[in-house]
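Here are my notes on the model you passed along, set out as numbered points. Have the structure open while you read.

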Amino acid sequence: WVLSTNPSISARPARVLQNIVSKHSSQFRGNAQHDALEFLLWLLDRMHEDLGAASPAQQSRGPAQVVLGGPCPLRDAAPPFPRSSLTCPHCLKQSNTFEPFLCISLPIPLRQTRALNVTLVLQCERRRFVRVGLAVPLLGTVADLREMVAREGRVPAEQVILAEVSPRGLLRSLSDPEALRAAGQAAPVYAFQPPPARRAVDFWLGLAGRSGSLTGIGGRCAARSSDCLHRAPASRILLLLCNTAGTGPQLARFGPPLVLREERGVSWEQLQQNILAQLRGVLRGEILPQGTGALFRIRLAGGSAPCTYLSPQDPRPLCHPAIDRALQLCGAGGPPHVRLTVEWDTSTKERLFGSIQEEVVQDAESVRQQQQAHGQQHSCTLDECFQLYTKEEQVRAPPGS
């Protein structure tokens, strides 16, 4: 508008515009960079002053005496008077405030979810290890993750055990009150489905009826099964196990993580045979019969005593006081369990398992979908920005007011 009414405009209109503006506002003088929004606000304010005069007589009074309450084409075309309503939650009295403005700063809605891969350890042989991709809420809790995993695995939420499993073994279990923002940052998240709570006699007889390499333990286990029938269900506990080999920096887990449901009164030899039975699919050699001594060491992972080992000489190693403390420290959500690390000597591991590494995990289609969805740049519409700006919120009164 200024340029079109000036007959002495040269071939460089930007320089002319800058000179004209600097005469009326000292903040735009010089060759430094200036904020475009600040210039637009200044320009709208000056247009509002020039067009806001009610009559030519008022215009002659000077800029200081211009009546801004008169007709203004800029203001009348789109009245910028938003209403701010404040309602008391007790008496429901409403207070409305109208505040004129020339511009408005809109918040940009951020992404509310992030992609998290969870490996499901199911009891189904056909879908033993499946990695699924989930869109977990940024401000959610582990309880939300537990519900999502339960839907993916088609298992009850109260049966899901969530834990972080690193290349060196079990790291920690996740409890429902924890925030989700840290889940999966230190190590991948695994979701375990415990085995069904069968009667003890079925468990032992099932082991006795397996492959011929296990027939050596059938008689002894069946002889003790009658004692297990009269025990309370609380005498059974869930064990999460990871097998590791090596020492120091070379320590690494191998084979699949295991979930066992054991009697508290189980002996070391029986516990060792049960662990070997769970690993029969990855064993390269034959399972040794009972009475050959301890093939590995069992360490309590995490808890208040991270270096507690179960003794092979203990007639009931799972009745160790450290086991009771670990059960008491289990957080809310999921069945109580104990995390154990099975430490193998390197030579024994190579003889029985060869060069086996970690378990083979199958990726579901949701892994790629979530990575693709969250890898794209987040975009939003102007309408979404206005919806977030006008979203109702609860204002808390300061203490003592």
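Is R368 buried, partly exposed or exposed? R368 is partly exposed, at a relative accessible area of 46%. Keep in mind throughout that this is a predicted model.

1. **The helix around R368.** R368 has a salt-bridge partner in E365, with N and O 2.3 Å apart. Both residues sit in helix α11, which covers residues 365-375, and they are three residues apart, about one turn of the helix. E365 is partly exposed too, because its relative accessibility is 44% and that class runs from 20% to 50%.

2. **S366, in the same stretch.** S366 also belongs to helix α11. Its relative accessible area is 16%, which is under the 20% cut-off, so S366 counts as buried. The S366 side chain comes within reach of the backbone nitrogen of G133, at 3.0 Å. Leaving aside residues up to four places away in sequence, S366 touches V132 and G133.

3. **Salt bridges across the chain.** Searching the whole structure turns up 12 salt bridges. One of them pairs E358 with R253, with 3.4 Å between the closest N and O atoms. E358 is in the loop between α10 (346-353) and β13 (362-363), while R253 is in strand β9 (residues 252-263), so this pair ties together parts that lie 105 residues apart in sequence. The two ends are not equally covered: R253 is buried at 4% relative accessibility, whereas E358 is partly exposed at 36%.

4. **A strand-to-strand pair.** E343 and R297 form another salt bridge, their closest N and O atoms being 3.2 Å apart. This one also links distant parts of the chain, with E343 in strand β12 (residues 337-344) and R297 in strand β10 (residues 296-300), 46 residues apart. Here the acid is the covered partner: E343 is buried at 16% relative accessibility, and R297 is partly exposed at 47%.

5. **The largest core.** Which residues touch the most other members of the largest nonpolar core? They are L239, I275 and W344, in a core of 30 residues. Several elements give two or more residues to this core: β8 (236-245), β9, α8 (268-278), β10, α9 (321-328), β12 and α10. I275 is a good residue to click on: not counting residues up to four places away in sequence, I275 touches L241, L258, L260, F296, I298 and V342. As background, nonpolar side chains tend to be buried together in soluble globular proteins.

6. **A second core.** Apart from the largest core there is another, of 22 residues. Among its members are L116, A150, L162 and A191.

7. **Nonpolar side chains at the surface.** L40, L43, M47 and L51 make a nonpolar surface patch of about 320 Å². L51 lies in helix α2, which covers residues 36-51. With 40% relative accessibility, L51 counts as partly exposed.

8. **Two exposed loop positions.** P249 is in the loop between β8 and β9, and its relative accessibility of 73% is over the 50% cut-off, so P249 counts as exposed. The C-alpha atom of P249 is 9.4 Å from that of R168, although the two are 81 residues apart along the chain. G281 is in the loop between α8 and β10 and counts as exposed as well, at 72% relative accessibility. The C-alpha atoms of G281 and G255 are separated by 9.7 Å, with their positions 26 residues apart along the chain.

9. **The overall picture.** The protein has 12 helices and 13 strands. Buried residues make up 37% of its 401 residues. Of the contacts with a separation of 6 or more, 60% are between residues 24 or more positions apart. The protein exposes about 23800 Å², and carbon and sulfur atoms supply 54% of that area.

How values were computed:
Residues are numbered from 1 along each chain as its sequence is written. This is a predicted model: local features need pLDDT of at least 70, side-chain atom pairs count only at pLDDT 80 or more; totals for chains, interfaces and linings use all residues. Side-chain values use heavy atoms; hydrogens and water are left out. A salt bridge is a side-chain nitrogen of Lys or Arg within 4 Å of a carboxyl oxygen of Asp or Glu. Helices (H or I, at least four residues) and strands (E, at least two) are DSSP runs, numbered from the N terminus. Buried means under 20% relative accessible area, exposed over 50%, partly exposed in between (1.4 Å probe, protein chains only). A polar contact is a pair of N or O atoms within 3.5 Å; within protein, one must be able to donate a hydrogen and the other to accept it, and residues adjacent in sequence count only if both atoms are side-chain atoms. Contact means heavy atoms within 4.5 Å. Patches are made of residues with over 30% relative accessible area and no salt bridge: like charges are joined within 9 Å, nonpolar side chains (Val, Leu, Ile, Met, Phe, Trp, Tyr) within 5 Å. Accessible areas come from the Shrake-Rupley method with a 1.4 Å probe; for residues, only the protein chains shown count as cover. A nonpolar core is a set of buried Ala, Val, Leu, Ile, Met, Phe, Trp, Tyr and Cys residues joined through side-chain atoms within 4.5 Å.
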